[in-house]
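Reader: I am new to this one and would like to go through it slowly. Could you show me the structure before we start?

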Amino acid sequence: MTVQQIQFQQVQQSYNRLCFAVALIFFALSCNDLGKETPIPERPFQTSFKVEDFSSATECQNCHPNHYEEWSASMHAYSTQDPVWFKLQQNAQNAHASEGIELGDFCVQCHSPIAALTDAITDHKNLTPEVMSTLPLQIQEGVTCDVCHTITHLPETTDIQTGEQNYETADFKLYTDGTRYSIIDDPQDNPFHESEYHEGYDQSDFCRNCHNLTVNGLDAEVTNSEWEGSAFDAMGSECQTCHMPTYEGYAAEGGPLRENLHRHYFPGVGTSIVGESENNGLLPAIAEILDGSADVNFFEPLADTVLSTEPLKIKIIISNNAGHNFPSGVTFTRQLWLEVTANIDGDTIFQSGHLNENGDIYDFYTDPEKQYDPQLNVFNTVLYNEAGDSGIMNVSVEDMIWMNDYTLPVSGSRTVNYIIDLPTVVPEGGSNLDISVRLRFRSFPPFLLRHINLIEEVERLLIWDIDQITDSVTLE
Ligand code: HEC
Ligand code: HEC
Ligand code: HEC
Ligand code: HEC
Ligand code: HEC
């Protein structure tokens, strides 16, 4: 045999081995399919909807009291109560209308899918909480039970095309013949609805139409894309694994005790800023998911003793443990920042990331010249539009052509430096220099709420402290 023939034979052999392996895989797969009692059914979906096709969550309440209570406290139930959403929706509508552009159900499609699917909203520019309260309950409930539990096909990601004024593109493949789907494969019968096991309900793709938005193909709010291909994806840690932790209990009144039920609080960072909110159970769920979600550390240990002859340099590393970037989603409204304080014998000699009398940090928006807090680090995104404007006061997500991304990447970290000027005169025997660093997180900056005239609501904004480190050195 010639060299070429040998090579060919080797290639042929490895090709054959490959074919064999592939055949084995297919064999295994098909055996698997055969082994299953019910093969994956061909499921229908609907292309037009009436409001009555869906039930209100209140109809599920009697039989599913736990699910109802948890969902009621969640941001999904809040998606059409949020005063920030109403104001920003109106602002976006007005800004585009003045250029002859119709946004239509752009903001409505994910926040109240039933309103969008039934074309219930006619005057988007005047959509206020008062108008909302006149619409059918199913619509007022926003991301309600039936929006999720009538899903028959896993959705595609949402891309809007501004050139074609194609803003209503969110993918909903639902079927409303009364069947409710999810992960119970032996559901007990009940007089209200048929139940069916659906293999897609524990998958991240399930959340993708609403939690992954691109604008002309550009990443805008892309929690799913951040997660896809990450170590979490590889380990089978889906959105539901972290956001719908399991517990033992009853899926329905009178049903059997089950070990793998799923919490419906969907904790992230958001909490209601309307009225006196107790946030029934949502607050502990947020505290739990945020616990350990990021770590703050000194990049290298501080020396025991430092000399006051030169400024102290400290390097801090912040690592992300969430299943996607931190923050994620509406990253341009979120504030995740580092607060650094240095005290000498109790007197503050340096601070960054502190709040002013309005509760704001001195960021890009409130302190563009970086005068009051030149070393501030905020981990979020800043959107830019075609005219070169930037930031949440000027640019709505559908207008973005570019974003600066300062978020903590998934499974990644950022390191930041601080330079602290030390006093030149140090008392005999030295001083104690205490350094403390906190990673802080909140939904909105107070100035945004004031800007859209939500004044009292500012008081109800919560700050979550994610992690904190302190160290002391002797200053000589
Ligand atoms: C008359 C009582 C009753 C009402 C009303 C009711 N359900 Fe159910 N539902 C049940 C029972 C019972 C089960 C089965 C529980 C089990 O087997 O553990 C069930 C199961 C389910 C399942 C699991 C399906 C599966 O196979 O995985 C979903 C999802 C569901 N219901 C959603 C809803 C929604 C949404 C509503 C309101 C629109 C609703 N249910 C109203 C009694 C009810
Ligand atoms: C029909 C659209 C839709 C679907 C499907 C959906 N979500 Fe959401 N989700 C939203 C909207 C809209 C909000 C924000 C509501 C608000 O705060 O006004 C939200 C909020 C959240 C939050 C809270 C975020 C925060 O900042 O506190 C989490 C967590 C979340 N969703 C997780 C999920 C997961 C996990 C899935 C899939 C199992 C899912 N969602 C499916 C629309 C959806
Ligand atoms: C390994 C656990 C984990 C997985 C997997 C995970 N998340 Fe999260 N998620 C978190 C943590 C922790 C936070 C809080 C930190 C943050 O905001 O990024 C969070 C926050 C969020 C928020 C609020 C983001 C913000 O900053 O406003 C949304 C929305 C969300 N997750 C949706 C999802 C979706 C959708 C998926 C699946 C594609 C998913 N999560 C997968 C842990 C996880
Ligand atoms: C944002 C989507 C979403 C909303 C809204 C939602 N669910 Fe679910 N629900 C799910 C998903 C996803 C699962 C399965 C989670 C898994 O297997 O990881 C589930 C599971 C269930 C189950 C099966 C038992 C369990 O706990 O796993 C029942 C019953 C149920 N939901 C009822 C309800 C009711 C009632 C409401 C409204 C009060 C509701 N759900 C709102 C997504 C949703
Ligand atoms: C593709 C679906 C989608 C579209 C379109 C959409 N949103 Fe959202 N919105 C979401 C999801 C999902 C979240 C939660 C993400 C997170 O917490 O980071 C959210 C969160 C928000 C929040 C934060 C709520 C809170 O209390 O933390 C506001 C405000 C908001 N959206 C306003 C709007 C406005 C205004 C529009 C239209 C200009 C819009 N949204 C269009 C899906 C969407």
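Author: Before we turn to any helix by name, it helps to know that helices here are DSSP runs of type H or I with at least four residues, numbered from the N terminus. Please also keep in mind that this is a predicted model.

Reader: Thanks. Which helix is His111 found in?

Author: His111 is found in helix α6, and through its NE2 atom His111 is the only protein donor of the iron atom of ligand 5, at 2.2 Å.

Reader: And what coordinates the iron atom of ligand 1?

Author: On the protein side, His64 and His193 coordinate the iron atom of ligand 1, each through NE2, at 2.0 Å. The 6 donor atoms around that iron atom subtend angles of 87 to 179 degrees, and because of this the arrangement is octahedral.

Reader: Where do His64 and His193 lie?

Author: His64 lies in the loop between α2 (58–61) and α3 (65–73), while His193 lies in the loop between β2 (180–182) and β3 (195–197), so the pair ties together parts that are 129 residues apart in sequence.

Reader: Is His193 buried or exposed?

Author: His193 counts as buried, because its relative accessibility is 17% and the cut-off for buried is under 20%. His64, by contrast, has 23% relative accessibility and therefore counts as partly exposed.

Reader: Changing topic, which residues come nearest to ligand 2?

Author: Of the 24 residues around ligand 2, those that come nearest are His76, Cys207, Cys210, His211 and Gly270. A polar side-chain atom of His76 lies 2.8 Å from a nitrogen atom of ligand 2, and a polar side-chain atom of His211 lies 2.7 Å from a nitrogen atom of this ligand. There is also a backbone contribution, since a polar backbone atom of Val269 is 2.9 Å from an oxygen atom of ligand 2.

Reader: Which helices each supply at least two residues of that shell?

Author: Those are α4, α6 (108–111), α11 (208–211) and α14 (239–243).

Reader: One last topic: which residues of α15 are buried?

Author: In α15, which covers residues 282–290, the buried residues are Leu282, Ala285, Ile286 and Leu290. Seen down the helix axis, they fall within an arc of 125 degrees, so they line one face of α15. On the other side of α15, Pro284 and Glu288 are exposed.

Reader: What covers the buried residues of α15?

Author: The cover includes α3, α4 (75–78), β16 (431–442) and β17 (464–475). As for what comes after the helix, α15 is followed by Gly292, whose phi is positive, near 80 degrees.

How values were computed:
Residues are numbered from 1 along each chain as its sequence is written. Chains are lettered from A and ligands numbered from 1 in the order in which they are written. This is a predicted model: local features need pLDDT of at least 70, side-chain atom pairs count only at pLDDT 80 or more; totals for chains, interfaces and linings use all residues. Side-chain values use heavy atoms; hydrogens and water are left out. Donors are N, O and S atoms within 2.8 Å of the metal (3.2 Å for Na, K and Ca); water is not among the atoms, so sites may look incomplete. Four donors count as tetrahedral if all angles lie between 85 and 135 degrees; four count as square planar and six as octahedral if opposite donors are over 155 degrees apart and all others between 65 and 115; anything else is irregular. Buried means under 20% relative accessible area, exposed over 50%, partly exposed in between (1.4 Å probe, protein chains only). The arc is that of the directions from the helix axis to the C-beta atoms. Contact means heavy atoms within 4.5 Å. A residue is near a molecule or strand if one of its heavy atoms lies within 4 Å of it. A polar contact is a pair of N or O atoms within 3.5 Å; within protein, one must be able to donate a hydrogen and the other to accept it, and residues adjacent in sequence count only if both atoms are side-chain atoms.
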